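Let's walk through this structure together, moving from the overall picture to a few individual residues. Keep the viewer open as you read.

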Amino acid sequence: MTLPEQELVIVLDFGGQYSHLIARRIRELKVFCEMLPFSTPVAEIAAKKPKGIVFSGGPSSVYQDKAPACDPAIYETGIPILGICYGMQLMAQQLGGGVSRAVQREYGKTGLNVLERDKLLGCMEPVEQCWMSHGDRVEKAPPGFSITASTDHSPVAAMVCPDRRLYAVQFHPEVVHTPKGQDVLKAFLYDICGCHGLWTMGSFLERAVAEVKRRVGDKKVLCGLSGGVDSSVAAVLVQRAVGDQLTCVFVNQGLLRKGEAEQVQKTFREKFKINLVYVDARERFLSKLAGVTDPERKRKIIGEEFIRVFEDEAARLGDIDFLVQGTLYPDVVESGTATAAVIKSHHNVGCLPEDMKFELVEPLRWLFKDEVRALGEEMDLPEEVVWRQPFPGPGMAVRVLGEVTAEKVAVVQEADAIVEEEIRKAGLYRRIWQSFAILPDMKSVGVMGDERTYSYTVAIRAVMSNDAMTADWVRLPYEVLEAISSRIVSEIKEVNRVVYDITSKPPATIEWE
Ligand SMILES: Nc1ncnc2c1ncn2[C@@H]1O[C@H](COP(=O)(O)OP(=O)(O)OP(=O)(O)O)[C@@H](O)[C@H]1O
Ligand SMILES: O=c1[nH]c(=O)c2[nH+]cn([C@@H]3O[C@H](COP(=O)(O)O)[C@@H](O)[C@H]3O)c2[nH]1
Ligand SMILES: NC(=O)CC[C@H](N)C(=O)O
Ligand SMILES: [Mg+2]
């Protein structure tokens, strides 16, 4: 089998808020894209033979001490480069131009004067709108560059040196508020880098299967399977690559949704011919969590315990070196990278014990959820798996605030089941990213059957999102909220109050811990 030629573009991440968006936009244009930290050695980048490189934006100023910078040898590789915002400022500084603090910063929608409609800006009118977010500016383009656009406050808003295949823009083409942004990226990819747009889910699947085969050879593999979208897709993909060498381990950590333990086993035993081991580890997790209230501690304990369970199973099955996880790109970014801050440690990335002996196989590590779903459909996974709402590995432990006890978990499981039922009944399940119940660590006074009650409050959260990096709360119909609320207080005796979470992400996150 010959694989389609890989067209790879690399985004070098300087810590920008929108770095992941650049990667998404490029893949929307059917070019595969990976993000690497700015400090990645040039030799390593060149070895991947990328068709192009994009420098992201970033919070620093290039003239500061210790500002993130890549090795200037990158300009000598002949690979086309597009610098965006900080990326442009860095290119200007490293190649002998000038960068300094702007008199007036530009933030938001900004008028752009296009001075030369070259290969990159050919799609733009002489006066265009773009989206800016910067406080520094390029004062002087480096020798050999021409200035192709400016704004009222930025003498150099775009600059190019076509002979060296170097291009740069101060504005952000990756955000939707730059109407021609996607056309600019397309011009870079297709007209400048010479990409053809070969990246489809089908081609990704072929490559990923071949890559897993190559790495694993005839060895045995273990896969942590939760029944969620990511691990199911990862498991089926790895099964395609190595067949029976794969054993999946589904762990009941005592923090699953109501009925989930039975349901996942049923789906996987009936619909997939996959070796599945079910481990009842409820006692094990809950005793480790006893008395622990700090969210990050809880996450670390769970992350480690998952691996310990996998290790025990591996020892039982004998001689297993590889562990498959359904880790996605946002898990990696949020757990903190060389450039991005730790928001919360996802159990499968930031919480792995240091002495772990498995080698990780994570075929979805570069994908976003919508891409994983497309991949699941490509492999004909059932709708109930592909369109299942995400559920975090630490499960109810991050939805029971404070100490986790079996009693509190049972309350939140019941409430969660009611939320799911009502959301499905209203036909909203698939349209909503996630909808669930939370048990804040608080009780309040109520009155029921003419008697005073002092019981738990349950919070409901429902959010829309594209990739979990940002999210907005769902304007649920009042009737649905009412049905959820009245069922929860009448069916769950420990609860006397229901509230609805109306915060977006940012500033909140989707889960409460
Ligand atoms: N109960 C579990 N048993 C075994 N492995 C698990 C369990 N929960 C999570 N994992 C492992 O951790 C990884 C990350 O969990 P995560 O919740 O992000 O993904 P998922 O459950 O596969 O999909 P989804 O995000 O749709 O819930 C999973 O892909 C899986 O490898
Ligand atoms: O497998 C997981 N392990 C975790 O530790 C974890 N923490 C959050 N999530 C899920 O990630 C998405 C973003 O969540 P936050 O806005 O709460 O960071 C949402 O979809 C969350 O449900 C996790 N998934
Ligand atoms: N968004 C960015 O990349 C900002 C770059 C730089 N920190 C500036 O303010 O100009
Ligand atoms: Mg999950």
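Helices and strands here are DSSP runs, numbered from the N terminus, with at least four residues for a helix and at least two for a strand. With that numbering in hand, Pro507 can be placed in the segment after S19. Pro506 lies in the segment after strand S19 too, a strand that spans 495–500. The peptide bonds here deserve a look in your viewer. Lys505 and Pro506 are joined by a cis peptide bond with omega about -20°, and the bond from Pro506 to Pro507 is also cis, with omega near 10°.

Before going further, please keep in mind that this is a predicted model. The average pLDDT of the protein is 92, and 95% of the residues score at least 70. For the model as a whole, ipTM is 0.89 and pTM is 0.79. Where pLDDT is low, the predicted coordinates should not be read in detail.

Now for the overall build. The protein contains 14 helices and 19 strands. Its radius of gyration is 25 Å, close to the 24 Å that the globule rule gives for 513 residues, so the protein is as compact as a globular protein of that length. Along the principal axes, the C-alpha atoms fill a box of roughly 80 × 60 × 40 Å. Buried residues account for 44% of the 513 residues. If you take the contacts between residues at least 6 apart in sequence, 75% of them join residues at least 24 apart.

What sits at the heart of the packing? The largest nonpolar core has 144 residues, and Val221, Cys223 and Val238 have the most contacts inside it. Helix H6 gives the most to this core, with 9 residues. To see how one of these residues is surrounded, select Cys223: setting aside residues up to four places away in sequence, Cys223 touches Ser231, Ala234, Ala235, Val238, Leu246, Cys248, Val249 and Val324.

Helix H6 also leads us to the first ligand. Both H6 (229–242) and strand S11 (246–252) supply at least two residues each of the shell around ligand 1. Which of the 20 residues around ligand 1 come nearest? They are Gly224, Ser226, Gly228, Ser231 and Gly326. By class, the shell of ligand 1 divides into 8 nonpolar, 9 polar and 3 charged residues. Ser231 thus appears twice in this account, around ligand 1 and among the residues that Cys223 touches.

Ligand 3 has its own surroundings. The residues around ligand 3 include Gly16, Gly57, Gly58, Pro59, Ser60 and Ser61, along with Cys85 and Tyr86, and then Ser133, His134, Gly135 and Asp136. Strand S6 (residues 127–140) provides the largest share of this shell, 4 residues. The shell around ligand 3 is made up of 3 nonpolar, 8 polar and 1 charged residue.

Let's turn to helix H1. Of the 10 residues of H1 (residues 19–28), 7 are buried, so the helix is largely enclosed by the rest of the structure. Those buried residues are Ser19, His20, Leu21, Ile22, Ala23, Arg25 and Ile26. In the loop between H1 and strand S2 (32–37) you will find Lys30. The phi of Lys30 is near 65°, a positive value in a residue other than glycine. Lys30 is partly exposed, with 17 other C-beta atoms within 10 Å.

Another positive phi occurs at Asp319, near 60°, again in a residue other than glycine. Asp319 lies in the loop between helix H9 (295–317) and strand S13 (320–324). With 8 C-beta neighbours inside 10 Å, Asp319 counts as exposed.

Two more residues round off the tour. Leu286 is found in helix H8 (residues 282–289). Leu286 and Gln253 are 33 residues apart in sequence, but their C-alpha atoms are 7.7 Å apart in space. Outside its neighbours within four places in sequence, Leu286 is in contact with Gly254, Val404 and Ala406. Ser455 belongs to strand S17 (residues 451–464). With 18 C-beta neighbours inside 10 Å, Ser455 counts as partly exposed. Beyond four places in sequence, the contacts of Ser455 are Lys443, Gly446, Glu494, Val495 and Asn496.

Conventions:
Residues are numbered from 1 along each chain as its sequence is written. Chains are lettered from A and ligands numbered from 1 in the order in which they are written. This is a predicted model: local features need pLDDT of at least 70, side-chain atom pairs count only at pLDDT 80 or more; totals for chains, interfaces and linings use all residues. A residue is near a molecule or strand if its C-beta atom, placed from the backbone, lies within 6 Å of it. Ala, Val, Leu, Ile, Met, Phe, Trp, Tyr, Cys and Pro count as nonpolar, Asp, Glu, Lys and Arg as charged, and the others, Gly among them, as polar. The radius of gyration is taken over C-alpha atoms; the globule rule is 2.2 Å times the number of residues to the power 0.38. A residue is buried if 20 or more other C-beta atoms lie within 10 Å of its own, exposed if 12 or fewer, and partly exposed in between; C-beta atoms are placed from the backbone. Two residues are in contact if their C-beta atoms, placed from the backbone, lie within 7 Å. pLDDT is the predictor's confidence in each residue, from 0 to 100. A nonpolar core is a set of buried Ala, Val, Leu, Ile, Met, Phe, Trp, Tyr and Cys residues joined through C-beta atoms within 7 Å.
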